[in-house]
Amino acid sequence: MLPQASSSAHSFEILFGVIFWFSLISFLAVSTAIVFFVIKFHRTRRDPFKTPFIHGHTVLETSVAVGLFVVVMIFFIWGWADYKKILNAPQDPLEINVIGKQWLWEMEYSNGRKLINEMVVPKDEPVKLLFSSADVIHSFFIPNFRLKQDVVPGLYTTLWFQASLLGEHPVLCAEYCGSAHSKMLATLKVVSKEDYDTWQKQWEKAKTQKVEEAQEDAASMAEQGKGLFTQKGCTACHTVTGQKLIGPPLNGIFGKEVELQDGSKHFRDENYIRESLMTPGAKMVKGFAPLMPTFQGTLSDSEVNAVIAYLKSLKE
Ligand code: HEC
Ligand SMILES: [Cu+2]
């Protein structure tokens with residue numbers, strides 16, 4: 001059996017066991033009874049007697065029906081009581097955003113720290129996961145915790161737990177989501193509260209240092225943006241050398257004004273570029289046709305940031 005690594009794992013497993021063994025024993029009892037009756041009441045072709053007419057037995061039938069109803073209600077009420085415990089998280093849990101996308105899990109902590117396919121949580125502390133999907137339906141499944149939650153596009157779903165066992169626990173995607181579905185794996189690391197705090201503090205310290213090296217960072221982001229510019233097909237319509245194609249050239253545009261179709265002028269800042277990518281029709285550059293496709297859903301937030309950094313880095 002898998003280890004029971006969360007506060008709810010034990011009670012779920014007891015209920016699961018009760019239902020499993022009850023079903024298995026009932027199944028064996030019914031099958032045995034069928035075989036027994038088939039043999040006992042078997043008649044050969046030569047047997048001259050017709051099957052006797054059997055009258056119903058109201059008391060027996062009613063008691064079987066009532067008995068089964070009671071059993072089902074016990075399972076239902078028991079299951080509901082357990083389920084109610086995982087419905088609402090206790091006050092002030094540690095919240096982690098989890099984004100499911102083809103084919104990885106992205107975790108984002110409230111301090112901005114992002115991890116791919118890896119989650120670190122403190123032991124014995126309530127943790128609440130807030131799920132969203134970037135594409136199709138996924139399902140976040142932690143077998144050792146006996147917990148699973150669907151991750152649905154356009155909808156926030158949640159799950160909370162209290163990890164009770166230090167160590168690494170596998171996380172799987174439990175909803176078929178495309179060709180690499182089976183590789184959509186993550187690791188959930190449970191560490192002590194002290195280790196968790198130092199883990200976060202170290203990162204926060206490193207981040208502050210990084211801000212000081214922001215210059216270098218911007219350069220690498222621009223580099224990433226340059227790659228995306230070719231990968232995402234921008235080069236089909238845009239140059240960065242001043243020539244017009246289907247779209248206007250994009251060198252040296254950042255921070256300058258653009259003349260729009262209706263004759264008005266607009267300052268090209270980050271929001272303008274972002275809007276050009278997400279809703280290209282919102283502000284049309286004068287002299288061009290509305291041919292740019294939207295990159296909503298194709299470019300992630302951080303990719304848009306990289307493209308902006310690249311456009312910023314281009315001089316006239
Ligand atoms: C199918 C052709 C096409 C593709 C592909 C395309 N664009 Fe465009 N783009 C245009 C056209 C046409 C315009 C001008 C009309 C408008 O404003 O929508 C434009 C406008 C823009 C503008 C505003 C330009 C200005 O002078 O203010 C930006 C920024 C831009 N595109 C960036 C991109 C980026 C980045 C990509 C790739 C991720 C991209 N475009 C892909 C056709 C395209
Ligand atoms: Cu998936």
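## Metal sites, sheet and loops of the predicted model

In this predicted model, the iron atom of ligand 1 is bound on the protein side by H238, through NE2, and by M292, through SD, with these donors lying 1.9 to 2.1 Å from the iron atom. The site of this iron atom is octahedral, with angles of 86 to 179° among its six donor atoms. The two residues bring together distant parts of the chain, since H238 is placed in the loop between α4 (214-231) and β11 (257-259) and M292 in the loop between α5 (270-278) and α6, 54 residues apart. H238 counts as buried because its relative accessibility of 12% falls under 20%, whereas M292, at 32% relative accessibility, counts as partly exposed.

The domain assignment of the protein chain gives domain 1, made of residues 1-23 and 59-212, and domain 2, made of residues 214-313. The C-alpha centres of domain 1 and domain 2 lie 39 Å apart. Helix α6, which covers residues 301-313, has 13 residues and should span 18 Å at 1.5 Å a residue, and the 19 Å between its end C-alpha atoms agrees with that expectation. The buried residues of this helix are V304, A306, V307, I308, A309, Y310 and L311.

The copper ion (ligand 2) has four protein donors, namely ND1 of H138, SG of C173, SG of C177 and SD of M184, which lie 1.9 to 2.6 Å from the ion. Along the chain, the donors of the copper ion follow the spacing H-x34-C-x3-C-x6-M. The site is tetrahedral, with angles of 95 to 127° among its four donor atoms. Of the two cysteine donors, C173 has a relative accessible area of 8% and is buried, and C177, at 4% relative accessibility, likewise counts as buried.

Two of these copper donors can be placed on strands, beginning with strand β6, which covers residues 138-142 and thus includes the donor H138. This strand is mostly covered, four of its five residues being buried. On one side, β6 pairs with strand β7 (residues 147-151) in the antiparallel sense over five bridges, and within this pairing the bridge partner of H138 in β7 is V151. Strand β6 is also joined to strand β9 (residues 167-173), by two bridges and again in an antiparallel arrangement. Here the bridge partner of F140 is C173 in β9, and C173 is itself one of the donors of the copper ion.

These strands belong to an open sheet of five strands, in the order β4-β10-β9-β6-β7, in which the pairing is mixed. Strands β4 (118-122) and β7 stand at the edges, and each has a single partner strand, so that one side of each is left without a neighbour in the sheet. Neighbouring strands of this sheet are turned by 25° against each other on average, when direction is ignored. For the edge strand β4, pairing with strand β10 (residues 185-191) is in the parallel sense and runs over five bridges; the bridge partner of V120 in β10 is K189.

Several local backbone features are found in loops between strands. In the hairpin of β6 and β7, four residues lie between the strands, and R146 takes a positive phi near 55°, although R146 is not a glycine. The side of the hairpin where R146 lies is the loop between β6 and β7, and R146 is buried, because its relative accessible area of 19% is under the 20% limit. A positive phi near 55° is also found for N117, another residue other than glycine, which is located in the loop between β3 (114-116) and β4. In contrast to R146, N117 counts as partly exposed, at 23% relative accessibility. A cis peptide bond, with omega about 0°, joins Q102 and W103, and W103 is found in the loop between β1 (94-101) and β2 (104-109).

Methods: Residues numbered from 1 in each chain as written. Chains lettered and ligands numbered in written order. Predicted model: local features only at pLDDT ≥ 70, side-chain atom pairs only at ≥ 80, totals over all residues. Heavy atoms only, no water. Donors = N, O, S within 2.8 Å, 3.2 Å for Na, K, Ca; no water. Tetrahedral: all angles 85-135°; square planar, octahedral: opposite > 155°, others 65-115°. Buried < 20%, exposed > 50% of the residue type's maximum accessible area, 1.4 Å probe, protein only. Expected span 1.5 Å × (residues − 1). Pairing = 2+ DSSP bridges. Axes fitted to C-alpha atoms, helices over the stretch in contact; angles between N-to-C directions. Domains from an automatic or database assignment.
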